[in-house]
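Thanks for making time. I have one structure to show today, and I will go through it piece by piece.

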Amino acid sequence: MNASAAPEPRPEDRPARLTVGVVGAGRVGPALAASLQLAGHRPVAVSAVSDRSRRRAAELLPDVPVVEPARVLALADLVLLTVPDDALPGLVEGLADTGAVRPGQLLVHTSGRYGVRVLDPARRAGALPLALHPAMTFTGTAVDVQRLAGCSFGVTAPEELRLAAEALVIEMGGEPEWIAEDARPLYHAALALGANHLVTLVAQSMELLRKAGVAAPDRMLGPLLGAALDNALRSGDAALTGPVARGDAGTVAAHVAELRKHAPGTVAGYLAMARTTADRALAHGLLKPELAEDLLGVLAADSTTAADGPRGEE
(Lines give C-alpha, C1' and ligand atoms only; values in the text may rest on other atoms or scores of the structure.)
Protein backbone atom coordinates (compact mmCIF):
# COMPACT_ATOMS: atom_id res chain seq x y z
CA MET A 1 0.00 0.00 0.00
CA ASN A 2 1.36 3.38 -0.96
CA ALA A 3 1.50 5.73 2.03
CA SER A 4 0.37 8.72 0.01
CA ALA A 5 -2.74 6.81 -1.04
CA ALA A 6 -3.69 5.71 2.48
CA PRO A 7 -7.31 6.72 3.12
CA GLU A 8 -8.18 8.74 6.16
CA PRO A 9 -9.50 6.21 8.70
CA ARG A 10 -13.25 6.29 9.27
CA PRO A 11 -14.36 7.37 12.77
CA GLU A 12 -15.37 3.81 13.61
CA ASP A 13 -11.85 2.58 12.67
CA ARG A 14 -10.03 5.09 14.87
CA PRO A 15 -8.69 3.65 18.12
CA ALA A 16 -10.50 4.91 21.20
CA ARG A 17 -8.50 6.89 23.73
CA LEU A 18 -6.13 4.28 25.14
CA THR A 19 -3.87 3.86 28.13
CA VAL A 20 -0.35 3.36 26.78
CA GLY A 21 2.54 1.41 28.25
CA VAL A 22 6.15 1.07 27.10
CA VAL A 23 8.33 -1.99 27.64
CA GLY A 24 11.88 -0.91 26.93
CA ALA A 25 12.68 2.79 27.33
CA GLY A 26 15.28 2.93 24.59
CA ARG A 27 15.33 5.73 22.04
CA VAL A 28 12.11 4.72 20.29
CA GLY A 29 9.49 3.79 22.87
CA PRO A 30 9.26 7.00 24.91
CA ALA A 31 9.13 9.11 21.75
CA LEU A 32 6.24 7.08 20.32
CA ALA A 33 4.39 7.18 23.61
CA ALA A 34 4.88 10.95 23.81
CA SER A 35 3.53 11.27 20.29
CA LEU A 36 0.49 9.17 21.17
CA GLN A 37 -0.03 11.40 24.20
CA LEU A 38 -0.23 14.42 21.90
CA ALA A 39 -2.96 12.55 20.00
CA GLY A 40 -5.00 12.17 23.18
CA HIS A 41 -3.90 8.79 24.48
CA ARG A 42 -2.59 8.46 28.05
CA PRO A 43 0.81 6.95 28.90
CA VAL A 44 0.46 5.15 32.24
CA ALA A 45 3.58 3.01 32.70
CA VAL A 46 7.07 2.40 31.36
CA SER A 47 9.73 -0.18 32.10
CA ALA A 48 13.36 0.95 32.16
CA VAL A 49 16.49 -0.77 33.42
CA SER A 50 19.52 1.48 32.94
CA ASP A 51 20.01 4.93 34.43
CA ARG A 52 20.07 6.34 30.90
CA SER A 53 16.74 4.79 29.98
CA ARG A 54 15.22 6.03 33.23
CA ARG A 55 16.39 9.57 32.48
CA ARG A 56 15.00 9.29 28.96
CA ALA A 57 11.64 8.15 30.28
CA ALA A 58 11.59 10.99 32.80
CA GLU A 59 12.32 13.56 30.09
CA LEU A 60 9.82 12.38 27.50
CA LEU A 61 7.17 10.90 29.79
CA PRO A 62 7.27 12.97 33.00
CA ASP A 63 5.19 11.67 35.89
CA VAL A 64 4.74 8.27 34.21
CA PRO A 65 5.78 5.59 36.72
CA VAL A 66 8.63 3.20 35.97
CA VAL A 67 7.51 -0.35 36.74
CA GLU A 68 8.26 -3.97 35.81
CA PRO A 69 7.19 -5.17 32.32
CA ALA A 70 4.38 -7.32 33.69
CA ARG A 71 2.97 -4.31 35.51
CA VAL A 72 3.10 -2.28 32.29
CA LEU A 73 0.88 -4.86 30.62
CA ALA A 74 -1.48 -4.88 33.59
CA LEU A 75 -2.03 -1.12 33.33
CA ALA A 76 -2.08 -0.45 29.58
CA ASP A 77 -4.57 -1.06 26.78
CA LEU A 78 -1.84 -0.46 24.19
CA VAL A 79 1.66 -1.76 24.93
CA LEU A 80 4.71 -0.72 22.92
CA LEU A 81 7.41 -3.40 22.91
CA THR A 82 10.46 -1.34 22.02
CA VAL A 83 13.37 -3.66 22.77
CA PRO A 84 16.25 -4.74 20.49
CA ASP A 85 15.29 -7.14 17.71
CA ASP A 86 17.14 -10.11 19.17
CA ALA A 87 15.44 -9.67 22.55
CA LEU A 88 11.89 -9.47 21.16
CA PRO A 89 11.01 -13.19 20.72
CA GLY A 90 12.13 -14.08 24.24
CA LEU A 91 10.29 -11.11 25.73
CA VAL A 92 7.03 -12.04 24.01
CA GLU A 93 7.28 -15.67 25.05
CA GLY A 94 8.08 -14.70 28.63
CA LEU A 95 5.15 -12.31 28.89
CA ALA A 96 2.77 -14.86 27.42
CA ASP A 97 4.05 -17.74 29.58
CA THR A 98 3.65 -15.75 32.81
CA GLY A 99 0.09 -14.74 32.00
CA ALA A 100 0.91 -11.04 31.69
CA VAL A 101 -0.90 -10.68 28.35
CA ARG A 102 -4.56 -9.71 28.56
CA PRO A 103 -7.20 -10.64 25.95
CA GLY A 104 -8.05 -7.69 23.71
CA GLN A 105 -4.84 -5.85 24.53
CA LEU A 106 -3.07 -4.13 21.62
CA LEU A 107 0.51 -5.37 21.57
CA VAL A 108 2.73 -3.32 19.25
CA HIS A 109 6.37 -3.96 18.47
CA THR A 110 8.58 -1.55 16.54
CA SER A 111 11.12 -3.98 15.09
CA GLY A 112 11.81 -3.58 11.40
CA ARG A 113 12.95 -7.18 11.08
CA TYR A 114 9.79 -8.87 12.32
CA GLY A 115 6.17 -8.84 11.27
CA VAL A 116 3.38 -10.02 13.55
CA ARG A 117 4.35 -13.69 13.56
CA VAL A 118 6.84 -13.02 16.37
CA LEU A 119 3.84 -12.00 18.51
CA ASP A 120 2.09 -15.37 18.07
CA PRO A 121 2.58 -16.45 21.71
CA ALA A 122 0.81 -13.27 22.85
CA ARG A 123 -1.81 -13.61 20.12
CA ARG A 124 -2.71 -17.07 21.41
CA ALA A 125 -3.26 -15.42 24.79
CA GLY A 126 -5.75 -13.04 23.20
CA ALA A 127 -3.58 -10.04 22.34
CA LEU A 128 -4.11 -8.00 19.18
CA PRO A 129 -0.74 -7.96 17.38
CA LEU A 130 0.64 -5.03 15.38
CA ALA A 131 4.07 -4.34 13.86
CA LEU A 132 4.67 -0.59 13.45
CA HIS A 133 8.23 0.26 12.49
CA PRO A 134 9.13 3.95 12.11
CA ALA A 135 11.62 4.42 9.28
CA MET A 136 13.55 7.02 11.22
CA THR A 137 16.73 7.29 13.26
CA PHE A 138 16.12 8.28 16.86
CA THR A 139 18.18 10.40 19.26
CA GLY A 140 16.29 9.61 22.44
CA THR A 141 15.32 13.26 22.91
CA ALA A 142 12.20 15.37 22.41
CA VAL A 143 13.28 16.21 18.85
CA ASP A 144 12.24 12.69 17.84
CA VAL A 145 8.58 13.49 18.48
CA GLN A 146 8.77 16.33 15.96
CA ARG A 147 10.58 14.16 13.41
CA LEU A 148 7.71 11.67 13.39
CA ALA A 149 5.68 14.16 11.38
CA GLY A 150 5.68 12.73 7.86
CA CYS A 151 7.78 9.71 8.87
CA SER A 152 6.94 6.50 7.04
CA PHE A 153 6.05 3.47 9.17
CA GLY A 154 6.37 -0.10 7.95
CA VAL A 155 3.01 -1.58 8.97
CA THR A 156 2.20 -5.27 9.27
CA ALA A 157 -0.97 -6.52 10.95
CA PRO A 158 -3.73 -9.08 10.56
CA GLU A 159 -6.21 -7.90 7.97
CA GLU A 160 -8.88 -7.22 10.57
CA LEU A 161 -6.51 -4.85 12.42
CA ARG A 162 -5.07 -3.13 9.39
CA LEU A 163 -7.17 0.02 9.63
CA ALA A 164 -6.56 0.34 13.35
CA ALA A 165 -2.80 -0.01 12.79
CA GLU A 166 -2.82 2.65 10.09
CA ALA A 167 -4.92 4.94 12.28
CA LEU A 168 -2.37 4.73 15.10
CA VAL A 169 0.43 5.65 12.70
CA ILE A 170 -1.54 8.62 11.39
CA GLU A 171 -2.23 9.77 14.94
CA MET A 172 1.53 9.81 15.57
CA GLY A 173 1.94 12.04 12.52
CA GLY A 174 3.36 9.25 10.38
CA GLU A 175 2.47 7.76 7.02
CA PRO A 176 1.62 4.04 6.93
CA GLU A 177 3.28 1.82 4.34
CA TRP A 178 1.99 -1.74 4.22
CA ILE A 179 4.74 -4.41 4.37
CA ALA A 180 3.86 -8.08 3.90
CA GLU A 181 4.95 -10.43 6.69
CA ASP A 182 7.47 -12.31 4.56
CA ALA A 183 8.94 -9.07 3.16
CA ARG A 184 9.89 -7.62 6.56
CA PRO A 185 13.54 -8.85 6.60
CA LEU A 186 14.17 -7.48 3.09
CA TYR A 187 12.44 -4.21 3.98
CA HIS A 188 14.62 -3.84 7.06
CA ALA A 189 17.81 -4.74 5.19
CA ALA A 190 17.04 -2.01 2.66
CA LEU A 191 16.66 0.60 5.38
CA ALA A 192 19.82 -0.51 7.17
CA LEU A 193 21.78 -0.45 3.93
CA GLY A 194 20.75 3.14 3.27
CA ALA A 195 20.63 4.72 6.72
CA ASN A 196 23.06 2.82 8.93
CA HIS A 197 25.85 2.54 6.38
CA LEU A 198 25.37 6.18 5.43
CA VAL A 199 26.37 7.21 8.95
CA THR A 200 29.54 5.13 8.70
CA LEU A 201 30.44 6.58 5.30
CA VAL A 202 29.84 10.16 6.41
CA ALA A 203 31.85 9.69 9.61
CA GLN A 204 34.75 8.23 7.64
CA SER A 205 34.59 11.07 5.12
CA MET A 206 34.69 13.65 7.91
CA GLU A 207 37.71 11.97 9.51
CA LEU A 208 39.58 11.95 6.20
CA LEU A 209 38.78 15.62 5.54
CA ARG A 210 40.17 16.54 8.95
CA LYS A 211 43.37 14.65 8.11
CA ALA A 212 43.49 16.60 4.86
CA GLY A 213 43.39 19.86 6.82
CA VAL A 214 39.73 20.83 6.44
CA ALA A 215 38.73 22.71 9.60
CA ALA A 216 34.96 22.26 9.25
CA PRO A 217 34.27 19.02 7.34
CA ASP A 218 30.61 19.08 8.33
CA ARG A 219 30.14 22.45 6.65
CA MET A 220 31.90 21.22 3.52
CA LEU A 221 29.99 17.96 3.32
CA GLY A 222 26.53 19.32 4.18
CA PRO A 223 25.66 20.90 0.82
CA LEU A 224 27.41 18.15 -1.15
CA LEU A 225 25.73 15.26 0.61
CA GLY A 226 22.37 17.03 0.67
CA ALA A 227 22.51 17.50 -3.10
CA ALA A 228 23.71 13.93 -3.66
CA LEU A 229 20.89 12.51 -1.54
CA ASP A 230 18.29 14.66 -3.27
CA ASN A 231 19.60 13.68 -6.71
CA ALA A 232 19.68 9.98 -5.78
CA LEU A 233 16.11 10.03 -4.47
CA ARG A 234 14.92 11.81 -7.58
CA SER A 235 16.94 10.03 -10.24
CA GLY A 236 18.36 6.79 -8.83
CA ASP A 237 21.43 5.50 -10.68
CA ALA A 238 21.24 8.37 -13.16
CA ALA A 239 22.57 10.57 -10.35
CA LEU A 240 25.89 8.71 -10.18
CA THR A 241 28.91 10.98 -10.61
CA GLY A 242 32.59 10.87 -9.70
CA PRO A 243 35.69 9.02 -10.87
CA VAL A 244 34.20 5.51 -10.66
CA ALA A 245 31.17 6.38 -12.79
CA ARG A 246 33.47 8.18 -15.26
CA GLY A 247 35.94 5.30 -15.40
CA ASP A 248 38.92 7.33 -14.13
CA ALA A 249 41.04 4.34 -13.15
CA GLY A 250 44.10 6.46 -12.37
CA THR A 251 42.18 8.64 -9.92
CA VAL A 252 40.69 5.64 -8.17
CA ALA A 253 44.14 4.05 -7.87
CA ALA A 254 45.44 7.30 -6.33
CA HIS A 255 42.55 7.32 -3.88
CA VAL A 256 43.32 3.78 -2.74
CA ALA A 257 47.01 4.56 -2.35
CA GLU A 258 46.25 7.57 -0.13
CA LEU A 259 43.70 5.68 1.91
CA ARG A 260 46.14 2.83 2.42
CA LYS A 261 48.71 5.31 3.69
CA HIS A 262 46.52 7.49 5.92
CA ALA A 263 43.44 5.40 6.80
CA PRO A 264 43.95 1.71 6.00
CA GLY A 265 40.75 0.79 7.80
CA THR A 266 38.73 2.52 5.08
CA VAL A 267 40.25 0.69 2.10
CA ALA A 268 38.04 -2.40 2.14
CA GLY A 269 34.88 -0.31 2.31
CA TYR A 270 36.05 2.03 -0.45
CA LEU A 271 36.83 -0.89 -2.74
CA ALA A 272 33.53 -2.65 -2.06
CA MET A 273 31.51 0.49 -2.74
CA ALA A 274 33.60 1.34 -5.81
CA ARG A 275 33.02 -2.11 -7.32
CA THR A 276 29.29 -1.88 -6.65
CA THR A 277 29.16 1.64 -8.09
CA ALA A 278 31.08 0.52 -11.18
CA ASP A 279 28.70 -2.40 -11.74
CA ARG A 280 25.64 -0.15 -11.48
CA ALA A 281 27.16 2.58 -13.65
CA LEU A 282 28.08 0.02 -16.30
CA ALA A 283 24.62 -1.57 -16.23
CA HIS A 284 22.94 1.82 -16.66
CA GLY A 285 25.20 2.97 -19.51
CA LEU A 286 27.01 5.65 -17.49
CA LEU A 287 30.37 3.88 -17.46
CA LYS A 288 31.82 3.14 -20.91
CA PRO A 289 32.76 -0.53 -21.34
CA GLU A 290 36.21 0.35 -22.68
CA LEU A 291 36.95 2.30 -19.48
CA ALA A 292 35.37 -0.24 -17.17
CA GLU A 293 38.00 -2.88 -17.90
CA ASP A 294 40.89 -0.76 -16.59
CA LEU A 295 38.86 0.45 -13.63
CA LEU A 296 37.78 -3.03 -12.58
CA GLY A 297 41.34 -4.19 -13.01
CA VAL A 298 42.52 -1.55 -10.54
CA LEU A 299 39.83 -2.50 -8.06
CA ALA A 300 40.56 -6.22 -8.39
CA ALA A 301 44.30 -5.67 -7.88
CA ASP A 302 43.75 -3.43 -4.89
CA SER A 303 41.25 -5.86 -3.45
CA THR A 304 43.92 -8.54 -3.35
CA THR A 305 46.37 -6.14 -1.72
CA ALA A 306 43.76 -5.09 0.84
CA ALA A 307 43.16 -8.71 1.76
CA ASP A 308 46.88 -9.38 2.19
CA GLY A 309 47.87 -6.03 3.70
CA PRO A 310 46.64 -6.32 7.28
CA ARG A 311 48.31 -9.71 7.73
CA GLY A 312 51.58 -8.29 6.47
CA GLU A 313 51.36 -5.31 8.80
CA GLU A 314 50.68 -7.54 11.79
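I will start with the overall picture, then take the strands, the helices and a few single residues.

Please keep in mind that this is a predicted model. The chain has 314 residues, and 41% of them count as buried. It contains 13 helices and 7 strands. The C-alpha trace spans about 65 × 40 × 35 Å along its principal axes.

Let me begin with strand E1, residues 19-23. How many of the residues of E1 are buried? The count is 5 of the 5, so strand E1 is largely enclosed by the rest of the structure. The side chains go two ways: Thr19, Gly21 and Val23 point to one side of E1, while Val20 and Val22 point to the other. Both sets are buried.

E1 has strand partners. With strand E2, residues 42-47, E1 runs parallel, and 5 bridges join them. To pick out one position, valine 22 is opposite valine 46 of E2. On the way from E1 to E2 the chain passes through helix H1, residues 29-38, and this β-α-β crossover is right-handed. E1 is also joined to strand E3, residues 78-81, by 4 bridges, and this pair is parallel too. There, valine 23 of E1 has leucine 81 of E3 as its bridge partner.

Back to the helix in that crossover. H1 is mostly covered, with 8 of its 10 residues buried. Those buried residues are Gly29, Pro30, Ala31, Leu32, Ala33, Ala34, Ser35 and Leu36. After H1 comes glycine 40, which has a positive phi, near 110 degrees.

That brings me to backbone angles. Most residues other than glycine have a negative phi. Aspartate 63 has a positive one, near 70 degrees. Where does aspartate 63 lie? Its place is the loop between helix H2, 51-60, and helix H3, 69-75. Buried or exposed: which applies to aspartate 63? The relative accessibility is 83%, so aspartate 63 counts as exposed.

Next, helix H8, residues 184-211. H8 has 28 residues, and the distance from its first C-alpha to its last is 40 Å, close to the 40 Å expected at 1.5 Å a residue. There is a bend to report as well: H8 has a kink of about 30 degrees, centred on alanine 192. Among the residues of H8, Arg184, Tyr187, Met206 and Leu209 are buried.

Now for aromatic rings. How many aromatic pairs does a search of the whole structure find? The answer is 0. There is, however, a contact between a charge and a ring: the charged end of arginine 162 sits over the ring of tryptophan 178, 4.0 Å from the ring centre.

My last item is alanine 253, in helix H11, residues 249-262. Its relative accessibility is 30%, so alanine 253 counts as partly exposed. In sequence, alanine 253 and alanine 301 are 48 residues apart; in space, their C-alpha atoms are 9.7 Å apart.

To recap the strand region: E1 has 5 of its 5 residues buried, is joined by 5 bridges to E2 and by 4 bridges to E3. The crossover from E1 through H1 to E2 is right-handed. That is what I have, and I will take questions now.

Terms used: Residues are numbered from 1 along each chain as its sequence is written. This is a predicted model: local features need pLDDT of at least 70, side-chain atom pairs count only at pLDDT 80 or more; totals for chains, interfaces and linings use all residues. Side-chain values use heavy atoms; hydrogens and water are left out. Rings of Phe, Tyr and Trp (its six-membered ring) pair if their centres lie within 6.5 Å; planes under 30 degrees apart count as stacked, over 60 as edge-to-face and the rest as tilted. A charge sits over a ring if NZ of Lys or CZ of Arg is within 6 Å of the ring centre and within 35 degrees of the ring normal. Buried means under 20% relative accessible area, exposed over 50%, partly exposed in between (1.4 Å probe, protein chains only). Two strands pair if DSSP finds at least two bridges between them. A crossover is right-handed if, with the strands pointing away from the viewer, the path from the first strand over the helix to the second runs clockwise. The expected span of a helix is 1.5 Å times one less than its number of residues. The bend at a residue is the angle between axes fitted to the seven residues ending there and the seven starting there.
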